[in-house]
Amino acid sequence: MPATNRVEGRNVHIYDAKDPSKSLGGLILTDGITNANFYAMIDILFIFESTFILRLNNGNKTVPKNRDALQQGNYHIVTTDTFLVNNEPWLIRTISRSTGTRSPEFRDAIRLRDRRCIISGREAVNGFWTSFQAAHIFPLAYKGHWDQYNFCRWITKPPVNGDSINSVQNGLLLRRDIHGLFDSYEVSINPDDNYKIVSFVPDGDDIAGKHLDQRFLDEPDRPVDPLLRWHFRQAVLANMRCAGEPIFEHDFPPGSDMVSEILDGPMAVKRMEFELFSRLAAVQEE
């Protein structure tokens, strides 16, 4: 089955004022995204040599960097110097629904701490966890990347058993459906705007623009900001850079040929690597 693309439905478009004929990226506008948020996103998407401003629909008025709601339209980047599209790698992550939660210890620690979906607020009543999953913020399949770039330096509470990537500080309890959105970078959390929930796709759950609650902020072992910041940055790159990254099929009914569907789709080699390493990590952690 073909992957869904991230361009369809964009109602915010980004251009270089010096070359307005070519789109550099864009966004599906959802609740809660402000002018200041958009400036910060632009700073992630591009590498600038000097300051820049934004103008809406190529007008003469500068878009202020404030908390006003972002408007739909064409935004032109105005700067005295050249700028480049940020080529920072996007770490593909998607996994078939049959795989489930990775490490029992990680899962149990996340359940004990959160007891609800951190994003939607839905509580797990009387220990019924059917609708919930423990999600890694930084994906387990990229353990090598975690080690190479020393992501563990942000972890202050390592797990009792296993590697620091399975710390509760690298996890969230999420509703199953929101876990899928989080893993595909369609929903993220911006720790630099009071932990605002940002949806990069049309929001059917009334979560876009809301903030994580005080109960989350008061938790001493909550996820660390640098990992949330990393996830948000990945979400911006995946959804807004150029034509965006593919959204992969992940629901393979019984009897379907999952391998063939993956190999026939985009980024087949990288996706197969992710699926295989995720399953290998699951076996190693059990």
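Contact here means heavy atoms within 4.5 Å. In the predicted model, Ser164 touches Trp146, Cys152, Ile155 and Pro159 when residues up to four places away in sequence are not counted. The serine lies in the loop that runs between α3 (143–148) and β8 (171–175). Its relative accessibility is 15%, and because the cut-off for a buried residue is under 20%, Ser164 counts as buried. Trp146, one of the residues that Ser164 touches, is also its partner in a polar contact: the two side chains are joined at 3.0 Å.

The largest nonpolar core comprises 68 residues, among which Phe38, Ile42 and Ile119 touch the most other members. Helix α6 (residues 225–240) supplies nine residues, the largest share of this core. For Ile42, the contacts that remain after leaving aside neighbours within four places in sequence are with Ile14, Phe48, Phe52, Leu54 and Ile77.

Confidence in the model was examined along the chain. The mean pLDDT is 86, and 81% of the residues reach 70 or more. Over residues 278–286, pLDDT is below 50, and the model gives this stretch 17 contacts beyond near neighbours in sequence. Residues 248–254 likewise have pLDDT under 50 throughout, with 21 contacts in the model beyond four places in sequence.

Definitions and conventions
Residues numbered from 1 in each chain as written. Predicted model: local features only at pLDDT ≥ 70, side-chain atom pairs only at ≥ 80, totals over all residues. Heavy atoms only, no water. Core = buried A, V, L, I, M, F, W, Y, C linked by side-chain atoms within 4.5 Å. Buried < 20%, exposed > 50% of the residue type's maximum accessible area, 1.4 Å probe, protein only. Helix = DSSP H or I, 4+ residues; strand = E, 2+ residues; numbered from the N terminus. Polar contact = N/O pair within 3.5 Å; in protein donor to acceptor, adjacent residues only side chain to side chain. pLDDT = per-residue confidence, 0-100.
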